[in-house]
Amino acid sequence: MKSNIMFYDKKEDSIRCKLCPHNCILKENKFGVCNVRTVENNIGVAINYGEVTSANIDPIEKKPLYHYKPGKNILSVGTFGCNMSCSFCQNYEISQQVSKSEYIDPDKLIDIIKTVNDNIGIAFTYNEPFMWYEYIYDVCKKNKRKK
Ligand code: SF4
């Protein structure tokens with residue numbers, strides 16, 4: 001779903017997104033490098049809020065961490081869009097285009113985290129996580145309140 005974005009400056013007929021170092025100048029209905037942030041009615045908007053393209057329960061050993069909670073699981077979720085275009089991307093089908101997704105609101109995602117056996121939390125992964133910064137922010141804030 002769509003949500004208003006954080007971190008941008010308004011200009012006369014555009015906005016400058018300040019979420020990542022690209023600092024894209026976004027005009028009405030035109031997208032930034034990431035293909036998910038745009039401007040609608042002179043307001044910065046992201047089109048991928050809560051739009052989950054991939055969700056998996058991974059062993060923590062799949063993550064780039066050394067000897068962190070060995071034997072535990074972590075729920076991994078990602079969305080579409082990315083501010084990078086690495087030639088070796090193994091998730092290019094979701095990172096480089098608007099792909100099929102399912103909306104999961106922050107409260108529901110937090111509930112899902114609790115249903116996974118031996119789960120230590122959630123990993124925002126598969127694409128650059130900042131691409132749905134506002135969603136991650138809401139999930140983290142709500143999750144902390146519920147603890
Ligand atoms: S790539 Fe996306 S997140 Fe980065 S500055 Fe451009 S619009 Fe913002």
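Hi everyone, let's begin with the ligand, which sits in the largest cavity. Before I go further, please keep in mind that this is a predicted model.

So what surrounds the ligand? Around the ligand we find Cys17, Leu19, Cys20, His22, Asn23 and Cys24, then Gly32, Val33, Cys34 and Arg37, and also Asn83. If we sort this shell by class, we get 6 nonpolar, 4 polar and 1 charged.

Now for the cavity itself. How many cavities of 30 Å³ or more does the structure hold? The structure has 1 of them, and the largest cavity offers about 80 Å³ of space. Its lining consists of Cys17, Leu19, Cys20, His22, Asn23, Cys24, Gly32, Val33, Cys34, Arg37 and Met131. You will recognise many of these names from the ligand shell: Cys17, for instance, is listed around the ligand and also in the cavity lining. Asn83 is one of the residues around the ligand, while Met131 is one of the residues lining the cavity. By class, the cavity lining divides into 7 nonpolar, 3 polar and 1 charged.

Let's move on to the strands in this part of the chain. An open sheet is formed here by 3 strands, in the order E2-E3-E4, with antiparallel pairing. Strand E2 (8-10) and strand E4 (25-27) each have a single partner strand and stand at the edges, so one side of each has no neighbour in the sheet. From one strand to the next, the twist averages 30 degrees.

We can walk through that sheet pair by pair. E2 and E3 make a hairpin, with 3 residues between them, and they pair in the antiparallel sense over 3 bridges. Which residue of E3 does Tyr8 stand opposite? That is Cys17, and Cys17 is also among the residues surrounding the ligand. On to the other pair: strand E3 (residues 14-17) is joined to E4 by 3 bridges, again in the antiparallel sense. Here Ile15 has Leu26 of E4 as its bridge partner, and Arg16 stands opposite Ile25 in E4.

After E4 comes a loop worth a look if you care about backbone angles. Most residues other than glycine have a negative phi. Asn29 lies in the loop between E4 and strand E5 (37-40), and although Asn29 is not a glycine, its phi is positive, at about 65 degrees. Asn35 is found in the loop between E4 and E5 as well, and Asn35, also not a glycine, has a positive phi of about 70 degrees.

Next, a second example of an open sheet. This one has 3 strands in the order E8-E9-E11, and its pairing is mixed. Which strands stand at the edges? They are strand E8 (54-59) and strand E11 (119-124); each has a single partner strand, so one side of each is left without a neighbour in the sheet. On average, and ignoring direction, neighbouring strands of this sheet are turned by 20 degrees against each other. E8 runs antiparallel to strand E9 (residues 73-78), and 6 bridges join the two. One residue to note is Asp58, whose bridge partner in E9 is Ile74.

Asp58 takes us neatly to the pockets, as it is one of the residues lining the largest pocket. How much space lies in that pocket? The figure is about 220 Å³. Alongside Asp58, the lining has Lys62, Lys63, Pro64, Gln90, Asn91, Thr125 and Tyr126. Sorted by class, that gives 2 nonpolar, 3 polar and 3 charged residues.

The second largest pocket has a volume of about 180 Å³. It is lined by 14 residues, and the closest to its centre are Cys82, Met84, Cys86, Cys89 and Tyr126. Its lining has 7 nonpolar, 6 polar and 1 charged residues. Tyr126 is worth finding on your screen, since it appears in the lining of the largest pocket and among the residues closest to the centre of the second largest one.

To wrap up, here is what I'd like you to take away. The ligand sits in the largest cavity, and Cys17 is among the residues lining that cavity. Cys17 also stands opposite Tyr8 across the E2 and E3 pair. Thanks for listening, and I'm happy to take questions!

Notes. Residues numbered from 1 in each chain as written. Predicted model: local features only at pLDDT ≥ 70, side-chain atom pairs only at ≥ 80, totals over all residues. Heavy atoms only, no water. Near = heavy atom within 4 Å. 1 Å grid on protein atoms, 1.4 Å probe; cavity = no way out; pocket = protein on both sides within 12 Å on 5 of 7 lines; lining within 4 Å. Sits in = over half its atoms within 2 Å of the grid points. Nonpolar A, V, L, I, M, F, W, Y, C, P; charged D, E, K, R; others polar. Pairing = 2+ DSSP bridges. Helix = DSSP H or I, 4+ residues; strand = E, 2+ residues; numbered from the N terminus. Axes fitted to C-alpha atoms, helices over the stretch in contact; angles between N-to-C directions. Points joined across faces, edges and corners; volume = space filled by probe spheres on them.
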